Amino acid sequence: KCHSINECGIHDIFTRGSCQFQPPCEASGNCFSLDVADPVAFRFDFLNFKGFSKEKVGKLGSLRGMLKQKHFRVRVNYRFSVGCGFFTYFYVALTQLQFALKHDLIGDKAPIIYMPESHHYHSCVNHTTSTAFSQDDFWHRYFEQPGPLANPDSISEEDVWELSQDSILTSHYDRGSVHAYP
């Protein structure tokens with residue numbers, strides 16, 4: 001259950017007694033959160049939004065081995081989901097997967113797309129069961145997982161890594177990210 005907006009976003013802070021799901025790694029500290037966001041990317045100067053930090057991306061070599069031994073969990077960004085169109089969530093997933101594949105951060109363990117948070121296309125209260133990884137989350141209602149994964153409920157938090165919330169938002173503005181359908 002969430003305790004703050006950083007754990008569950010603005011929509012779900014009001015439903016925290018009814019919805020149960022995993023907070024982002026950076027909020028829980030129970031899994032690894034990868035920060036590749038540009039440190040000055042979010043000064044809300046719409047002319048200066050920046051993509052991934054070249055310095056931080058350049059240091060991925062030291063983390064690659066550890067990350068490849070875990071499941072990459074794709075999430076939505078809480079600060080960005082209000083007002084997004086339906087396929088923005090698809091782009092958010094594609095962009096994160098593209099980043100992880102481009103930098104060889106996915107090993108033998110399949111990535112997981114996990115989007116249980118409430119927004120205008122999904123209600124955590126109405127659509128999610130009591131388990132933390134529900135097959136009723138937004139992604140599972142409309143799309144399939146990108147690889148074989150029998151039971152996401154069986155994966156421990158220690159066996160997961162995610163992009164930080166700032167990195168997910170950064171991915172939207174990175175010039176190398178997915179911005180159109182192929």
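Guide: A helix here is a DSSP run of H or I with at least four residues, a strand is a run of E with at least two, and both are numbered from the N terminus. The model we are looking at is predicted, and with those terms we can place Ser177 in the segment after α8 (165-173).

Visitor: Why is Ser177 counted as buried?

Guide: Buried means under 20% relative accessible area, and Ser177 has 9% relative accessibility, so it counts as buried. Its side chain reaches the backbone oxygen of Ser171 at 2.5 Å. Leaving aside residues up to four places away in sequence, Ser177 touches Phe52, Thr95, Gln98 and Ser171.

Visitor: Which residues of α8 are buried, and what covers them?

Guide: The buried residues of α8 are Gln165, Ser167, Ile168, Leu169, Thr170 and Ser171. Their cover includes α2 (25-28), β1 (32-34), α5 (86-102) and β4 (160-163).

Visitor: How do you know that Cys25 and Cys31 form a disulfide?

Guide: The cut-off for two cysteine sulfur atoms is 2.5 Å, and the sulfurs of Cys25 and Cys31 lie 1.9 Å apart, so the pair meets the definition of a disulfide. The count by this rule comes to one disulfide. The link of Cys25 and Cys31 is left-handed, with -105 degrees about the S-S bond, and both Cys25 and Cys31 are buried.

Visitor: What makes β1 and β3 edge strands?

Guide: Four strands form an open sheet with parallel pairing, in the order β1-β4-β2-β3. Both β1 and β3 (112-113) have a single partner strand, so one side of each is left without a neighbour in the sheet, and they stand at the edges.

Visitor: How do you know that β2 and β3 pair?

Guide: Pairing requires at least two bridges found by DSSP, and β2 (residues 71-74) and β3 have two bridges in the parallel sense, so they qualify as a pair. Val74 stands opposite Ile113 in β3. By the same reasoning, β2 and β4 pair in the parallel sense over two bridges, while three bridges join β1 to β4, which also run parallel. Trp161 in β4 has Phe32 opposite and Phe72 opposite as well. Helix α5 lies across β1, β2, β3 and β4, and runs at about 150 degrees to β2.

Visitor: How many aromatic pairs does the structure hold, and why is the pair of Phe52 and Phe99 called tilted or stacked?

Guide: The structure holds two aromatic pairs. The ring centres of Phe52 and Phe99 are 4.4 Å apart and their planes stand at 40 degrees, so the pair is tilted, since stacked planes must be under 30 degrees apart and edge-to-face planes over 60. This pair links distant parts of the chain, with Phe52 in the loop between β1 and α3 (54-58) and Phe99 in helix α5, 47 residues apart. Both Phe52 and Phe99 are buried.

Visitor: What makes the pair of Phe72 and Trp161 stacked or tilted?

Guide: Their ring centres lie 4.2 Å apart, within the 6.5 Å that pairing allows, and their planes stand at 20 degrees, so the pair is stacked. Phe72 is in strand β2 and Trp161 in strand β4, so the pair ties together parts that are 89 residues apart in sequence.

Visitor: How do you know whether Phe72 and Trp161 are buried or exposed?

Guide: Against the limit of under 20%, Phe72 has a relative accessible area of 1% and is buried, and Trp161, at 0% relative accessibility, also counts as buried. Within β4, Trp161 and Leu163 point one way, Val160 and Glu162 point the other way, and all are buried.

Notes
Residues numbered from 1 in each chain as written. Predicted model: local features only at pLDDT ≥ 70, side-chain atom pairs only at ≥ 80, totals over all residues. Heavy atoms only, no water. Buried < 20%, exposed > 50% of the residue type's maximum accessible area, 1.4 Å probe, protein only. Polar contact = N/O pair within 3.5 Å; in protein donor to acceptor, adjacent residues only side chain to side chain. Contact = heavy atoms within 4.5 Å. Axes fitted to C-alpha atoms, helices over the stretch in contact; angles between N-to-C directions. Phe/Tyr/Trp six-rings, centres within 6.5 Å; stacked < 30°, edge-to-face > 60°.
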